[in-house]
Amino acid sequence: MDITTQKPAAPPTPGPSAPADQRAARGATRPGDRIFLGLSRGSGIFVLVLMAAIAAFLTYRASIAISDNEANFFTAFEWNPSGIPPEFGIAVLAFGTIVSSIIAMVIAVPISVGIALFITHYAPRRLGGVIAYVIDLLAAVPSIVYGLWGALVLVPHMDGLYGWLDDYLGWTGFFEWNGGAPRSLFTVGILLALMILPIITNVSREVFRQVPRMHEEAALALGATRWEVIRMSVLPFGRSGVISASMLGLGRALGETMAVAMVLSPSFDISASLLDPGGGTFAQNIASKFNEATEMGRDALIASGLVLFVITLVVNGAARLIIARRKEYSGANA
């Protein structure tokens with residue numbers, strides 16, 4: 001009796017892949033899946049609506065103040081919205097916010113990346129855990145405590161650094177010190193660097209821990225040194241994560257309020273030297289003047305807040321573009 005051997009049927013050829021949201025919608029057949037899909041989609045829409053509502057409110061109140069302003073809002077070096085006529089501008093605030101944030105980033109980013117690399121690739125496990133724990137504690141310190149420390153400890157001990165910068169870099173004009181109180185944008189930048197360092201360090205540390213072990217072992221097998229492994233495998237893999245961490249830190253530096261208000265000696269003047277006292281930031285100006293401001297003064301402060309809102313959006317948009325251009329180095333595509 002002949003036995004005919006039948007070949008198993010070939011699996012059906014999959015058709016063209018549908019978009020991810022369509023596949024998710026078709027797969028959400030159970031009640032729990034449909035509820036989760038609706039909540040996720042609703043949360044995303046809610047965030048967009050909330051951002052649009054904030055932008056509309058700020059724009060409306062800012063338009064009221066700017067329409068009555070007799071000075072150039074972008075270039076004026078004074079802040080007197082309660083005057084007759086009202087005159088105010090954001091030139092000093094924009095300069096102080098951007099300069100202090102740049103100083104903080106220049107100081108904090110290299111140190112944070114170095115600490116993250118040391119914890120993940122150089123330090124023994126026990127020592128790395130202790131350092132990571134201390135960094136986590138720094139992230140939990142309130143802003144007011146940083147402000148008190150900056151006003152009572154940092155400012156009185158900045159004379160030596162200011163004198164050294166004046167002796168060796170004073171010829172540039174940016175670090176010329178005339179002996180005034182060290183309540184300047186440079187001191188604010190140092191304080192902000194200490195405040196954003198834990199954020200950048202923690203995120204960078206987690207990104208570096210996600211580097212595939214095979215990448216590092218392959219580089220070591222080819223004879224690479226530990227630094228070459230970090231330069232060729234770890235840093236390219238974590239570049240987008242470090243950029244994201246830096247943007248998180250920059251966001252806090254741009255919007256920091258109480259610590260800056262307690263350290264900076266505000267004045268509506270722009271000095272070429274970063275060591276001269278004076279200057280101001282958007283957040284510090286809003287915090288110090290909001291309680292005593294009139295209705296026009298509050299609208300003027302809201303107008304300055306709108307500018308800070310736009311700056312934050314531009315910074316985050318630029319970060320997204322940088323990450324998108326280097327997506328081949330991201331962990332998701334490694």
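This passage describes the fold of a predicted model and several of its residue environments.

The chain contains 12 helices and 2 strands. Its elements run α-α-β-β-α-α-α-α-α-α-α-α-α-α from the N terminus on. Two helices thus precede the strands, and the remaining helices follow them. The chain has 334 residues, of which 40% are buried. Among contacts with a separation of 6 or more, 72% link residues 24 or more positions apart. The exposed area of the chain is about 19,200 Å². Carbon and sulfur atoms supply 65% of that area.

An unreviewed UniProt entry annotates residues 35-60, 88-118, 130-155, 184-204 and 300-323 as "transmembrane region". Two of these stretches were examined for secondary structure. Residues 35-60 are 100% helix and 0% strand in the model. The end C-alpha atoms of this stretch are 36 Å apart. Residues 130-155 are 85% helix, again with 0% strand. Here the end C-alpha atoms are separated by 29 Å.

One helix pair was characterised by its geometry. Helix α8 spans residues 213-221, and helix α9 spans residues 226-255. Their axes come within 9 Å and cross at roughly 145 degrees. The crossing of α8 and α9 is right-handed. On the α8 side, H215, E216, A219 and L220 take part in the contacts. They meet V229, S233 and V234 of α9.

Helix α9 also holds A253. With a relative accessible area of 4%, A253 falls under the 20% limit and therefore counts as buried. A253 and S101 are 152 residues apart in sequence. Their C-alpha atoms nevertheless lie 5.5 Å apart in space. Beyond its neighbours within four places in sequence, A253 is in contact with S101, L192 and I196.

A second pairing across the sequence involves R61 and D299. R61 lies in helix α2, which covers residues 31-68. At 23% relative accessibility, R61 is partly exposed, because this value lies between the 20% and 50% limits. R61 and D299 are 238 residues apart along the chain, with their C-alpha atoms separated by 5.6 Å. The two side chains make a polar contact at 2.6 Å. Setting aside residues up to four places away in sequence, R61 touches D299 and I302.

Two further residues are buried, one in a loop and one in a helix. S273 sits in the loop between α10 (258-263) and α11 (282-289). Its relative accessible area is 8%, so S273 is buried. The side chain of S273 reaches the backbone oxygen of E176 at 2.5 Å. A polar atom of the S273 side chain also lies 3.3 Å from the backbone nitrogen of L275. With residues up to four places away in sequence left out, S273 touches G173, F174, F175 and E176. E176 thus appears both among the residues touched by S273 and as the residue whose backbone oxygen the S273 side chain reaches.

N285 is located in helix α11. Its relative accessible area is 2%, so N285 is buried. N285 touches W79, L93, F268 and L301, not counting residues up to four places away in sequence.

Terms used: Residues numbered from 1 in each chain as written. Predicted model: local features only at pLDDT ≥ 70, side-chain atom pairs only at ≥ 80, totals over all residues. Heavy atoms only, no water. Helix = DSSP H or I, 4+ residues; strand = E, 2+ residues; numbered from the N terminus. Buried < 20%, exposed > 50% of the residue type's maximum accessible area, 1.4 Å probe, protein only. Contact = heavy atoms within 4.5 Å. Areas by Shrake-Rupley, 256 points an atom, 1.4 Å probe, with all protein chains shown as cover. UniProt positions renumbered as here; feature names shortened; annotations may be inferred. Polar contact = N/O pair within 3.5 Å; in protein donor to acceptor, adjacent residues only side chain to side chain. Axes fitted to C-alpha atoms, helices over the stretch in contact; angles between N-to-C directions. Left-handed = near helix turned anticlockwise from the far one by under 90°.
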